[in-house]
Amino acid sequence: MIPNVYLHDHICDSAVARLRRHVNLVDNFDHPEELDAIIVRQQYCPREVISRAKRCRLIQMHGVGLDRIDVEAAKEYGISVKRTKGGNAQSVAELAIGFMLAMARKMKFLDRGLQAGKFQTFGLPETVGLELSGKKLGLVGGGQIAQLVADIARAAFHCKLFVYDPFLSAEACKKLGFQKVETVEALVAAVDFVSIHVPLTESTKHMFNAAVFAKANPDLILVNTSRGGVVDEEALYQALTTGQILAAGMDVFEQQPPRPDHPLLSLDNFIGTLHVGGSTREALERNGNTVVDNVFAALHIKEEE
Ligand SMILES: NC(=O)c1ccc[n+]([C@@H]2O[C@H](COP(=O)([O-])OP(=O)(O)OC[C@H]3O[C@@H](n4cnc5c(N)ncnc54)[C@H](O)[C@@H]3O)[C@@H](O)[C@H]2O)c1
Ligand SMILES: O=C(O)[C@H](O)[C@H](O)COP(=O)(O)O
């Protein structure tokens, strides 16, 4: 019998072609009991689906964050959950550095100003930006993506690196060349840039809140390419409009997509993208094909040479 595999979201063409040669692709959860494997990218895989997916051997995340899958339910029903850890890490790291450069050089403000015919001469004080070179970069979460951000920041800009990650030992931080900081409040006060790279969990939800922004260096540039919900967006808006921090860039929002009239989107010192951290040709090719490798392994499918 040909196995049934749930796939609703777009994944790279080469991965879809491999799947089509060996399985039936199903784009809905109408009959979870008929599914042999589930591939999740943007869609959610909730308990009500998992509890009915009696035949399912694998729930495969196209990506790293597992917050869209009810992992507890999968455990309870004995279904293995896998992800494509590292497959998009370089792409996310490059986007994070891109946000830092864009905000340090006020690119949104300058582009909007040019379009509005605002700058009649060059050299105006409000167009002056900052260099990344030699600055202090604070990482929140010191895992795979954070380490790649650190590599770029060190090699290209000689940044000094700090980390807030209670799960990384002092020894591990030392090996990675990170100065360990004990609280988020201490981190935001000490550094020039913060880049967030934690999963969304109970302990990271609204980790960046009004109390944290109140302690921040007023020249701080904040970048979040992790998950919406780690930053309290109302508190961020207050911080950006009252000068508690200088600027922010975010790839992820509490509600996705954010409403077009979301207050943050109107600000010159805020740049947003809609969850494209891993959306490069290279990362999508890697992740798509890892997804297929794992599905085929779980379903004992052998590809012809
Ligand atoms: N924007 C995107 O498209 C995109 C793409 C990939 C990953 N992500 C997000 O980035 C996150 C990080 O990815 P990664 O591959 O670096 O993961 P990782 O597991 O390698 O690193 C996560 C780090 O966060 C730390 N951490 C966990 N809870 C913490 C807490 N309460 N306080 C401080 N540190 C904490 C862990 O100790 C770990 O070192 C993912 O969980 C995912 O949500 C987003
Ligand atoms: O956690 C991740 O890897 C990503 O945030 C998310 O899952 C989207 O990644 P993409 O599917 O676009 O590679």
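# Exercises on a predicted model

UniProt, in an unreviewed entry, lists residues 33-300 for "domain: D-isomer specific 2-hydroxyacid dehydrogenase catalytic". The structure examined below is a predicted model.

## Exercise 1. The annotated spans

Task: For each UniProt domain, state the helix and strand content and how far apart the end C-alpha atoms are.

Solution.
1. Take residues 33-300 to begin with. Over this span the chain is 35% helix and 14% strand, and its end C-alpha atoms are 19 Å apart.
2. Turn to the other record. The UniProt annotation "domain: D-isomer specific 2-hydroxyacid dehydrogenase NAD-binding", also from an unreviewed entry, covers residues 97-277.
3. For residues 97-277 the content is 33% helix and 15% strand, with the end C-alpha atoms 11 Å apart.

## Exercise 2. The seven-stranded sheet

Task: Determine the strand order of the open sheet, and explain why β8 and β12 each have one side without a neighbour.

Solution.
1. The order is β8-β7-β6-β9-β10-β11-β12, with parallel pairing in this open sheet of seven strands.
2. β8 (179-180) and β12 (270-272) stand at the edges; each has a single partner strand, so one side of each lacks a neighbour in the sheet.
3. Within the sheet, strand β6 (residues 136-140) and strand β7 (residues 160-164) are paired in the parallel sense through five bridges. Gly138 has Phe162 in β7 as its bridge partner.
4. Strand β9 (residues 193-196) pairs with strand β10 (residues 221-224) over four bridges, again in the parallel sense. Here Ile196 is opposite Asn224 in β10.
5. As to burial, a residue counts as buried under 20% relative accessible area. Four of the five residues of β6 meet this criterion, so the strand is largely enclosed by the rest of the structure.

## Exercise 3. Strand β1

Task: Which residues of strand β1 (residues 4-7) point one way and which the other, and are they buried or exposed?

Solution.
1. Recall the general rule: in a regular strand, side chains alternate between the two faces of the sheet.
2. In β1, Asn4 and Tyr6 point one way, while Val5 and Leu7 point the other way.
3. All of these residues are buried.
4. The partner of β1 here is strand β2 (residues 24-26), paired in the parallel sense over three bridges. Tyr6 stands opposite Val26 in β2.

## Exercise 4. Two helices and their faces

Task: Explain why the buried residues of α1 and of α5 can be assigned to one face of each helix.

Solution.
1. List the buried residues of helix α1 (residues 13-22): Ala15, Val16, Arg18, Leu19 and His22.
2. Viewed down the axis of α1, these buried residues fall within an arc of 160°, so they line one face of the helix.
3. On the other side of α1, Asp13, Arg20 and Arg21 are exposed.
4. Repeat for helix α5 (residues 107-115), where Lys108, Phe109 and Gly113 are buried.
5. The arc for the buried residues of α5 is within 125°, so these residues too line one face of their helix.
6. Leu114 and Gln115 are exposed on the other side of α5.

## Exercise 5. Backbone features and loops

Task: Locate His275, His300, Pro257 and Asp268, and describe a feature of each.

Solution.
1. His275 lies in the loop between β12 and α11 (281-298). Its phi is positive, about 45°, although His275 is not a glycine. With a relative accessible area of 27%, His275 is partly exposed.
2. His300 is in the segment after α11. This residue, other than glycine, has a positive phi near 55°. The class "exposed" requires over 50%, and His300 counts as exposed at 65% relative accessibility.
3. Pro257 lies in the loop between β11 and β12. A cis peptide bond joins Gln256 to Pro257, with omega about -5°.
4. Asp268 is in the loop between β11 (247-250) and β12. Asp268 is partly exposed, at a relative accessible area of 32%. Asp268 and Met107 are 161 residues apart in sequence, yet their C-alpha atoms are 8.8 Å apart in space.

## Exercise 6. The second largest pocket

Task: What is the volume of the second largest pocket, and which classes of residue line the pocket?

Solution.
1. The space in the second largest pocket is about 210 Å³.
2. The lining consists of Asp232, Glu233, Glu234, Tyr237, Glu254, Gln255, Pro258, Arg259, His262, Pro263 and Leu264.
3. Sorted by class, this lining has five charged, four nonpolar and two polar residues.

How values were computed. Residues numbered from 1 in each chain as written. Chains lettered and ligands numbered in written order. Predicted model: local features only at pLDDT ≥ 70, side-chain atom pairs only at ≥ 80, totals over all residues. Heavy atoms only, no water. 1 Å grid on protein atoms, 1.4 Å probe; cavity = no way out; pocket = protein on both sides within 12 Å on 5 of 7 lines; lining within 4 Å. Points joined across faces, edges and corners; volume = space filled by probe spheres on them. Nonpolar A, V, L, I, M, F, W, Y, C, P; charged D, E, K, R; others polar. UniProt positions renumbered as here; feature names shortened; annotations may be inferred. Helix = DSSP H or I, 4+ residues; strand = E, 2+ residues; numbered from the N terminus. Pairing = 2+ DSSP bridges. Buried < 20%, exposed > 50% of the residue type's maximum accessible area, 1.4 Å probe, protein only. Arc of directions from axis to C-beta.
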